[in-house]
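Please examine the sequence and the structure shown below. The paragraphs that follow lead through helix packing, the sheet and a buried loop residue.

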Amino acid sequence: MTSTKPLLDTVLGRRGDRLPIWIMRQAGRYLPEYRELRARAGSFLDLCYNPELAAEVTLQPLKRFDLDAAILFSDILVIPDALGQKVRFETGEGPRLEPLTVGRIGTLDLEGAHEGLAPIIETVRRVKAGLAPDKTLIGFCGSPWTVATYMIGGQGSSDQAAARTFALTQPAAFARLLDVLVQASIEYLAAQMRAGADVVQLFESWAMNLDEVAFRDWVIEPNRRIVEGLRREIPDAPVIGFPRGAAGNLPAYAKATGVNLLGLDYGTPLSFAEQLPAGLGVQGNLDPLRLLAGGAQMEARAEQIVTAFRNRPHIFNLGHGIVPETPIGNLERLIAKVRSL
Ligand code: CP3
């Protein structure tokens, strides 16, 4: 049985006539209409918690481009913010959080999170009401390890050393933190799906820099528990997992987590898909800077990607988020190229 939604069908393992495409961070600063609305909204988090404006931003890219999905406009850091560890976004510098101490972990408030995230669930409802029936609505959250790296470090970092050190020196407190994040994520994703999300994506943006033991305990196991817990609430919930930088740990992640479809970053060689379970779908994986640069090299690589994944369910996407300097015409040309293949 197929739905009316090519992207949802692909997540569920069915290859149809249309190769679905969406773009990570498709609502954002490369769009003038986003910058205009963002200037009116106040802070970035104010925008995330404003259902009317967040729904409008979510739908902006679909008005302009022939895309198969809308992704909820929000951020992975609304979970710590709603749990009580307040988040600020410094212009040009990224997120800032008051670093988490062992003592504060016990004060993180799951009930408060449910309430704090309610405006985002309202955004999902509004987007669903405005979305054409052939478009898939993607909900998401950050995976526990990735969210924990920001909570412990207080900001982004290139090696996640603060979180890795914390996890190794305070294992009991770290396990408690992962438990809270798993629980909050299950409830948040289930609420998104009840409000109309068709598919959810787990963003594990910092899956690199981990040995295989840490990867199993901090990445695979929490993601597996989220998928299992979500499916207790929403049977057969369709899930895309995106463990960015997982490299040689990808097959273990694909086998153990239960995700329906695997997001590949652009560093993953196309032939690596042969090491994944047969029939498992993939998403990706054009380098966002190839889109920024545009032209023949972009089109040639897009064609290589489509050809390499022609024998399994495939969602075309970038291998990470679109960058703000990307010319809009390049994205138009990329979509036209993918549609022509
Ligand atoms: O994809 C989409 O269009 C949906 C919205 C979305 C945003 N962030 C909006 C956003 C999604 C899915 C995210 C996920 C997210 N947020 C991740 C995982 C994906 C990834 O890129 O690895 C991470 C690590 C974050 C945390 C985060 N949010 C950072 C590090 C930053 C600052 C860096 C930057 O690009 O400025 C943000 C801010 C952010 N999230 C913006 C947007 C549109 C820019 C904020 C602004 O408009 O000023």
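**Helix packing, sheet and core**

H4 and H8 are oblique to each other, because their angle falls in none of the other classes (under 35 degrees counts as roughly parallel, over 145 as roughly antiparallel, 65 to 115 as roughly perpendicular and the rest as oblique). The axes of helix H4 (residues 51-64) and helix H8 (residues 118-130) cross at roughly 50° and come within 8 Å. Here axes are lines fitted to C-alpha atoms, for helices over the stretch in contact, and angles run from 0 to 180 degrees between N-to-C directions. The passage of H4 over H8 is a right-handed crossing; a crossing has this hand if the near helix is turned clockwise from the far one by less than a right angle, and is left-handed if anticlockwise. On the H4 side the contact (heavy atoms within 4.5 Å) is made by Pro51, Glu52, Ala54, Ala55, Thr58 and Leu59, and on the H8 side by Pro119, Glu122, Thr123, Arg126, Val127 and Gly130. By class, these residues are six nonpolar, three polar and three charged, where Ala, Val, Leu, Ile, Met, Phe, Trp, Tyr, Cys and Pro count as nonpolar, Asp, Glu, Lys and Arg as charged, and the others, Gly among them, as polar.

The model is predicted, so local features need pLDDT of at least 70 and side-chain atom pairs count only at pLDDT 80 or more, while totals for chains, interfaces and linings use all residues. Residues are numbered from 1 along each chain as its sequence is written, and side-chain values use heavy atoms, with hydrogens and water left out. Helices (H or I, at least four residues) and strands (E, at least two) are DSSP runs, numbered from the N terminus.

A further helix pair is formed by H12 (residues 212-233) and H13 (residues 250-257), whose axes lie 9 Å apart at an angle of about 30°. H12 and H13 are therefore roughly parallel to each other, and their crossing is right-handed. Phe215, Val219, Ile220, Asn223, Arg224 and Val227 of H12 make the contact with Ala252, Tyr253, Ala256 and Thr257 of H13. Seven nonpolar, two polar and one charged residues take part in this contact.

The sheet is open and has seven strands in the order S1-S4-S5-S6-S7-S8-S9, with parallel pairing; two strands pair if DSSP finds at least two bridges between them. S1 and strand S9 (314-318) stand at the edges with a single partner strand each, so one side of each is left without a neighbour in the sheet. From one strand to the next the twist averages 25°. Helix H15 (residues 296-308) packs on the sheet, where it touches strand S8 (281-286) and S9, and its direction makes about 165° with that of S8.

Which strands does S4 meet? Strand S1 (residues 69-71) is joined to S4 by three bridges, and the two run parallel; alanine 69 stands opposite threonine 136. Five bridges join S4 to strand S5 (residues 199-204), also in parallel. Within that pairing, cysteine 141 faces leucine 202, and glycine 139 has valine 200 as its bridge partner. S5 is in turn joined by five bridges to strand S6 (residues 239-243), which runs parallel to S5. There, valine 200 stands opposite valine 239 and leucine 202 stands opposite glycine 241.Burial follows the same strands. In S4 (residues 136-142), seven of the seven residues are buried, so the strand is largely enclosed by the rest of the structure; buried means under 20% relative accessible area, exposed over 50% and partly exposed in between, with a 1.4 Å probe and protein chains only. In a regular strand the side chains alternate between the two faces of the sheet. Thr136, Ile138, Phe140 and Gly142 are buried on one side of S4, and Leu137, Gly139 and Cys141 on the other. S5 is likewise largely enclosed by the rest of the structure, because six of its six residues are buried. Its two covered faces carry Val199, Gln201 and Phe203 on one side and Val200, Leu202 and Glu204 on the other.

Helix H9 (residues 144-153) is also largely enclosed by the rest of the structure, because nine of its ten residues are buried. These are Pro144, Trp145, Thr146, Val147, Ala148, Thr149, Tyr150, Met151 and Ile152. Just after H9, glycine 154 takes a positive phi of about 80°.

Isoleucine 21 lies in the loop between helix H1 (6-11) and helix H2 (32-41). It counts as buried because its relative accessibility is 0%. Leucine 7 is 14 residues from isoleucine 21 in sequence, and the two are 7.6 Å apart in space, C-alpha to C-alpha. Residues up to four places away in sequence aside, isoleucine 21 touches Asp66, Leu67, Asp68, Ala69, Phe316, Ile335, Val338 and Arg339.
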